[in-house]
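Visitor: I should like to look closely at one part of this structure, with the reasoning explained step by step.

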Amino acid sequence: MNSIRSTSRMAVGTLLAATAVSCYILHKRHRRKKSNSDNKHDNLPSSTTDDPTDDTNSNVDNNDNNNFYKQMGIAEDNLPTHIQREIYKERQRKKKEEMISMKSPMYDNIYMLDQQGEVLCTISNKKANWYIRKGIGKWSSFKKKDNNINNNNNCKEGEEEVKCIQLLFEHNRTNKKGSSEEVYLTSAKQNICVACGSDGYHIRHYIVPYSYRTMLPKEYKSHMSHDIVILCPTCHVDCEGYSKRRMKDMESELRLKLGPEYNVSPVIEDSHLANIRSCAIALAKWKDKMPREKVDRYDTVIREYLASICTNEEETNDILNTKKELTKSQLQAACGVKYRVKNPNYVPGANIVVQSLQDDKAIEQFILDWRNHFLDTVQPRFMPNGWRVDNPVACGTRSDWDEDDEKLGVKSWFGNTAFL
């Protein structure tokens, strides 16, 4: 009877562990499945869709992982250790969300008008004040009902005028009238996560990874905010995982093509210094539990190293005197020995990738590929109005947008609705 009970208890324990693993996988994919199931609402009018900033939705998404298992009747102590580690890491990340997030909204949505009073784009307060200081712009306003402003949420209900800045010089338009690029530039942008719609903590996310973007020619990053979006910390972590895997694959493929001289380790490790550090750490932590012979051997290795770097003869003799025990500071010096140095022949992966882009056409395709990768992996539902994959990638270039492009499968956002 006891053996049957013991077997049944083991079976129940195994079942609980398997259930915990399955629930963990389902819980990690919950946000993605919710996003896919909500896609059917994208084509409905805004009045019938759920509010992306609804606190009830954000509270569900921000629940601690442990609460999920408690609802399943599984105590945290009974979970597998790797799931307990994930719960701990998630808690620590939640604690740091406020610290790593933006301290102010990304979009101020200050409209900039040309001399004729037509809207050119939306800018930040900092940029607007720069125009004022330079004497090339002035504060102005326009009536909301007299201007066709896309997604105008810069006005409070009942207000008739919107504060803006008007240029005092003739401005040359580079975007096509009525194009998606113009819609993107003139639309007020919402300060919410473009993936899940959360209006809590936000992180500035670069669709083209920052390590690549910073090395591109100036025209591909100056005055080009199209590929900078808002993500909440949770969505940012997921997106960074996808991006880093793609970056690693790209860099590994290029290293193989370029030859063995590019396929080297970023650091050079000195095995002798590594052994000294290992011996010092062992003595500092487990000296009392180690065999005496091993303690003496490790002690000799450390003394020889410390004596070799000592310039004072008296101190050298004191170190080599085995009748005196090594001091705490001497052990710390041995523990902190630098056994790894940068490899001068190593070329960072970002440099290899950017250097492989031979001309403007290759750079343009590179940026478009990253835009498509962002859409395929993150599946955002709240991109800014007018955002399109094929919008210009360089400052000063014109858009070749045409309404017929919709039939070709170009992903676009108008009124927070993506259509193919």
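In helix 11, by about how many helical turns are Arg292 and Asp296 separated?

Guide: The model shown here is predicted. Arg292 and Asp296 both belong to helix 11, which covers residues 292–309. Because they are 4 residues apart in that helix, about one helical turn separates them. An α-helix has 3.6 residues a turn, so residues three or four places apart point the same way. The two side chains form a salt bridge, and the closest N and O atoms are 3.4 Å apart. Arg292 has a relative accessibility of 58%, so it counts as exposed, since the cut-off for that class is over 50%. Asp296 has a relative accessible area of 35% and is therefore partly exposed.

A similar spacing can be examined in helix 5. Glu86 and Lys89 both lie in this helix, residues 81–100, and are 3 residues apart, about one turn. Glu86 forms a salt bridge with Lys89, with 3.6 Å between the closest N and O atoms. At 26% relative accessibility, Glu86 counts as partly exposed. Further salt bridges link Glu90, Arg93, Lys94 and Glu97 in a network.

Another pair provides a useful study in accessibility. Asp390 and Arg388 meet through their side chains in a salt bridge of 3.0 Å, N to O. Asp390 is partly exposed, at 31% relative accessibility, whereas Arg388 is buried, with a relative accessible area of 0%. A search of the whole structure finds 11 salt bridges.

Charged residues may also be considered as a surface patch. Glu219, Asp359, Asp360 and Glu364 form a negative patch on the surface. Of these, Asp359 is placed in the loop between helix 14 (349–355) and helix 15 (360–378). With a relative accessible area of 42%, Asp359 is partly exposed.

Finally, helix 9 permits a check of length. This helix has 26 residues, 233–258, which should span 38 Å at 1.5 Å a residue. Its end C-alpha atoms are 37 Å apart, which agrees with that expectation. Among the buried residues of helix 9 are Cys235, His236, Cys239, Ser243 and Met247. Ser243 has a relative accessibility of 7% and so counts as buried, because the cut-off for that class is under 20%. The C-alpha atoms of Ser243 and Pro209 are separated by 7.5 Å, although these residues are 34 residues apart along the chain. After helix 9 comes Gly259, which has a positive phi, near 115 degrees.

Methods: Residues numbered from 1 in each chain as written. Predicted model: local features only at pLDDT ≥ 70, side-chain atom pairs only at ≥ 80, totals over all residues. Heavy atoms only, no water. Patch = residues over 30% accessible without salt bridge, like charges linked within 9 Å, V, L, I, M, F, W, Y side chains within 5 Å. Areas by Shrake-Rupley, 256 points an atom, 1.4 Å probe, with all protein chains shown as cover. Salt bridge = Lys/Arg side-chain N within 4 Å of Asp/Glu carboxyl O. Lys, Arg positive; Asp, Glu negative; His and termini not counted. Charge placed at Lys NZ, Arg CZ, Asp CG, Glu CD. Helix = DSSP H or I, 4+ residues; strand = E, 2+ residues; numbered from the N terminus. Buried < 20%, exposed > 50% of the residue type's maximum accessible area, 1.4 Å probe, protein only. Expected span 1.5 Å × (residues − 1).
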